[in-house]
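Me: Please give me a close look at a single part of this model and lead me through it step by step. Kindly explain each technical term when it first appears.

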Amino acid sequence: MEPEGDHHRRECRSHKRRREVCDRHLSLIYIKANSYRLPLDFGMSNKLSSCLEAPGGVVSYVLHGNCYLNITNRCTLRCSFCPKFNGMWEVQGSTMRLRREPTADEILDAIGDPRRYSEIVFCGLGEPTLRLYTSLEIASRLRARGARVRINTDGLANLVYGRDVSPDLEDNVDALSISLNAQNEVLYNRHCRPKLAGAYGSLLDFARRARDFVPDVTLTAIDVLAGVDINACAGIAADIGVKFRRSVLDEVG
Ligand code: SF4
């Protein structure tokens, strides 16, 4: 599993000076991850982007009055129902397939004025928390401009980072939408095919912990998956004390 950081090192291997830039960028990410705090100015994004090709796919798109962000194609899961694993990368006629991950400044440029939207949503095709600290830097800057920020996530950030990252969300994220997708681990593993062991328990634990730091937490489940009991999924959300939403396959929400 490769959370935020390591991919930057590979992208700039061809040029010594450029690699130094990326190594400095990488070390800043680690400083943020290790300190549990966000510096106000990340500051290296423009230098990094100068040595990379264009992202290629769509970075932001507008639906339902919201601005959705596509910041990575990497995932912690290999969902059997995922459009990208079924050869479909398009949303509204535009490809979501990224040649590389956009920098924080490129993502902010793609959003423009955040006050035009009801919500800014970190979404897919990919798991945004694999770039958690870039996401939080962007979220912090957007919220300072009056935006409401939601992250659509698989809820596996604590498992990936190896520690509880939920306190880092406080005052940066207004809402979390966490994919539950099944009422038990066996079904979850069948449909979502996690790359890491213990995923189902970890996502439930993340939802419980995130409740203390994010005002609006929702578990979601797709109701057409074989064996999935939507009422049982809603019951799990109620037990944890968060909201529940039934979602529709292939509909961005
Ligand atoms: S989490 Fe989303 S993008 Fe990732 S594999 Fe599952 S459906 Fe696809």
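Reply: **From a helix to the parallel strands**

In helix α4, which comprises residues 104-111, the buried residues are Ala104, Glu106 and Ile107. Buried means that 20 or more other C-beta atoms lie within 10 Å of the residue's own; 12 or fewer makes a residue exposed, anything in between makes it partly exposed, and the C-beta atoms are placed from the backbone. Helices (H or I, at least four residues) and strands (E, at least two) are DSSP runs, numbered from the N terminus. These buried residues of α4 lie on the same side of the helix, because they cover an arc of only 165° around the axis. The arc is that of the directions from the helix axis to the C-beta atoms. Just after α4, Gly112 has a positive phi of about 70°.

The model is a predicted one, in which local features need pLDDT of at least 70 and side-chain atom pairs count only at pLDDT 80 or more, while totals for chains, interfaces and linings use all residues. Residue numbers start from 1 along each chain as its sequence is written.

We now turn to the strands, beginning with β6, residues 149-153. Five of its five residues are buried. Val149, Ile151 and Thr153 point one way from β6, whereas Arg150 and Asn152 point the other way. Strand β5 (residues 120-122) pairs with β6 in the parallel sense over three bridges; two strands are said to pair if DSSP finds at least two bridges between them. In this pairing, Phe122 stands opposite Ile151 of β6. The chain passes from β5 through helix α5 (residues 132-144) to β6, and these elements make a right-handed β-α-β unit. A crossover is right-handed if, with the strands pointing away from the viewer, the path from the first strand over the helix to the second runs clockwise.

Strand β6 also pairs with β7, again in the parallel sense, over four bridges. Here Thr153 stands opposite Ile178 of β7. Strand β7 (residues 175-179) in turn runs parallel to β8 (residues 216-222), and five bridges join them. Ile178 stands opposite Leu219 of β8, so this residue of β7 faces a partner in β6 as well as one in β8. Next, β8 pairs with strand β9 (residues 243-247) in the parallel sense over five bridges, with Thr220 opposite Arg245. Together with helix α9 (residues 230-240), β8 and β9 make a right-handed β-α-β unit.

The loops beside these strands deserve attention as well. Asn181 lies in the loop between β7 and α7. Its phi is near 65°, a positive value in a residue other than glycine. Asn181 counts as buried because 24 other C-beta atoms lie within 10 Å. In contrast, Val224, in the loop between β8 and α9, is exposed, because it has 11 other C-beta atoms within 10 Å. Val224 and Val248 are 24 residues apart along the chain, and their C-alpha atoms are separated by 7.9 Å.

Further along the chain from α7 (185-192), Pro194 lies in the loop that leads to α8. Pro194 is buried, because 22 other C-beta atoms lie within 10 Å. In sequence Pro194 and Cys75 are 119 residues apart, yet their C-alpha atoms are 9.1 Å apart in space. Cys75 is among the residues that surround the ligand, including also Arg78, Cys82, Gly124, Glu127 and Asp154; to be near the ligand, a residue must have its C-beta atom, placed from the backbone, within 6 Å of it. The shell around the ligand holds five nonpolar, two polar and four charged residues. In this classification Ala, Val, Leu, Ile, Met, Phe, Trp, Tyr, Cys and Pro are nonpolar, Asp, Glu, Lys and Arg are charged, and the others, Gly among them, are polar.

Helix α8, residues 199-210, completes the account. Its twelve residues, at 1.5 Å a residue, should span 16 Å, and its end C-alpha atoms are indeed 16 Å apart. The expected span is 1.5 Å times one less than the number of residues. The buried residues of α8 are Ala199, Tyr200, Ser202, Leu203, Phe206, Ala207 and Ala210. They line one face of α8, because, seen down the axis, they fall within an arc of 165°. An α-helix has 3.6 residues a turn, so residues three or four places apart point the same way.
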